[in-house]
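Hi there,

Here is the structure I promised to pass on to you. Please have it open while you read, and my notes follow just below.

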Amino acid sequence: MENRKLILAFETSCDETSIAVIENGDTILSNIVATQIDSHQRFGGVVPEVASRHHIEQITHCLNEALETAKVDYNDLSAVAVTYGPGLVGSLLIGVTAAKAVAFAHDLPLVPINHMAGHIYAARFVDQFKYPQMALLVSGGHTEIVYIESEYDFKVLGETRDDAAGEAYDKIGRVLGVNYPAGKTIDEWAHEGHDTFNFPRAMEKDDNYDFSFSGLKSSFINTVHNAEQREEKLDTKDLAASFQQSVIDVLASKTERALADYPVKQLVLAGGVAANQGLRDRIEKDLNQKFSNVQLLMAPLKLCGDNAAMIGAAGQVAFDHKKRTDMSLNAVPGLSF
């Protein structure tokens, strides 16, 4: 097929080794994800050295499987796209090195991708993008509101000043004895409980688009510890519901403020915490009531976590915009837009 564009994408920013083949930016031919959750659960979070070692063990298998599943070989590819930041430096280096090796060996263009841009483009598998556009990115390491005036043109309007939302979920999960990653369990419990604790909504009324979740986390931990000292039993599901309601209220109100100030055609909800049912329901309801002219695009549940399909979707757009790099590409753990 003459117009067939095939991107081979690598994603190793944290604890998932993933390689995908994406056709024309919006069709998944393969998306292989080797997760490491079992290895990190006993530590209550991701251990960088362990993550890097797993990537080394998995990456060749994932590469072979991605090409076999997609029924393509290196000669069919248009380019190689790879996450080079943000993330864990050791993990990123494995993906960057493997992608460079493939690009060099098969004389393919190498396209550098920001991991957070990848999360936004996960929604590209739902519908075509229209601009200007807004994205609420909520993940384990990041919470950001991004304005996208035109294709592949990102402007961060607000971000977290301390803990990211996903990080806060994992930390309070530890207090409640929930295995890492805690988000799914807390979300399920929250739907069975009530917001009886009324935890603080930090910066909700501040005249900016920034977030802060460390005060909420501290308030939650203090509430639990004080009750333990008094040998008082608190309702776990009410605790989960109260915590989640605080997070969602702040995320929703800041997003509303940004939408009022920056009129857009679409709002993209993406990142690991975008799989949270409470957040999805609230954003959908708010848009229907207050911004009915804005189309909500939510990344498919299976593409909310880290995966290479989203990197391939972003890779196609970056490739079309002539974004290229050479063999000097390095991992940039603190990369921002």
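What follows is a short account of two sheets and of one acidic residue.

Please keep in mind that this is a predicted model.

Let me begin with the sheet that holds β1. It is open and has five strands, in the order β3-β2-β1-β4-β5, with mixed pairing. β3 (27-35) and β5 (110-114) are its edge strands, and each of them pairs on one side only. From one strand to the next, the twist averages 20°. Within this sheet, β1 and strand β4 (residues 79-85) run parallel and are joined by four bridges. To find the register, look at I7, whose bridge partner in β4 is A79.

Two helices pack on this sheet. Helix α3 (residues 89-105) touches β1, β4 and β5, and its direction makes about 160° with that of β4. Helix α10 (residues 308-320) touches β1, β2 (16-23), β3, β4 and β5, with its direction at about 130° to that of β1.

Now to the residue I think you will enjoy, E11, which is found in strand β1 (residues 6-11). Which side chain of opposite charge is nearest to E11, and how far away is it? The answer is K100, at 16 Å; E11 is buried yet has no salt bridge. What E11 does have is polar contacts through its side chain: one reaches the side chain of S13 at 2.6 Å, and another, also of 2.6 Å, joins it to the side chain of T83. Leaving aside residues up to four places away in sequence, E11 touches E16, T17, S18, T83, H115, D306, N307, A308 and I311. If you plan to assign protonation states, this is the list of neighbours to have at hand.

The other sheet is also open, with five strands in the order β8-β7-β6-β9-β10 and mixed pairing. β8 (154-159) and β10 (295-298) each have a single partner strand, so one side of each has no neighbour in the sheet. On average, neighbouring strands here are turned by 20° against each other, direction ignored. Strand β6 (residues 133-138) pairs with strand β7 (residues 143-148) in the antiparallel sense, over six bridges. One pair to look for is L137 with its bridge partner E144 in β7. Helix α8 (residues 236-261) lies across β6, β7, β8 and β9 (266-270), and runs at about 160° to β6.

Happy browsing, and best wishes!

Methods
Residues are numbered from 1 along each chain as its sequence is written. This is a predicted model: local features need pLDDT of at least 70, side-chain atom pairs count only at pLDDT 80 or more; totals for chains, interfaces and linings use all residues. Side-chain values use heavy atoms; hydrogens and water are left out. Buried means under 20% relative accessible area, exposed over 50%, partly exposed in between (1.4 Å probe, protein chains only). Lys and Arg count as positive and Asp and Glu as negative; His and the chain ends are not counted. A salt bridge is a side-chain nitrogen of Lys or Arg within 4 Å of a carboxyl oxygen of Asp or Glu. A polar contact is a pair of N or O atoms within 3.5 Å; within protein, one must be able to donate a hydrogen and the other to accept it, and residues adjacent in sequence count only if both atoms are side-chain atoms. Contact means heavy atoms within 4.5 Å. Two strands pair if DSSP finds at least two bridges between them. Axes are lines fitted to C-alpha atoms, for helices over the stretch in contact, and angles run from 0 to 180 degrees between N-to-C directions.
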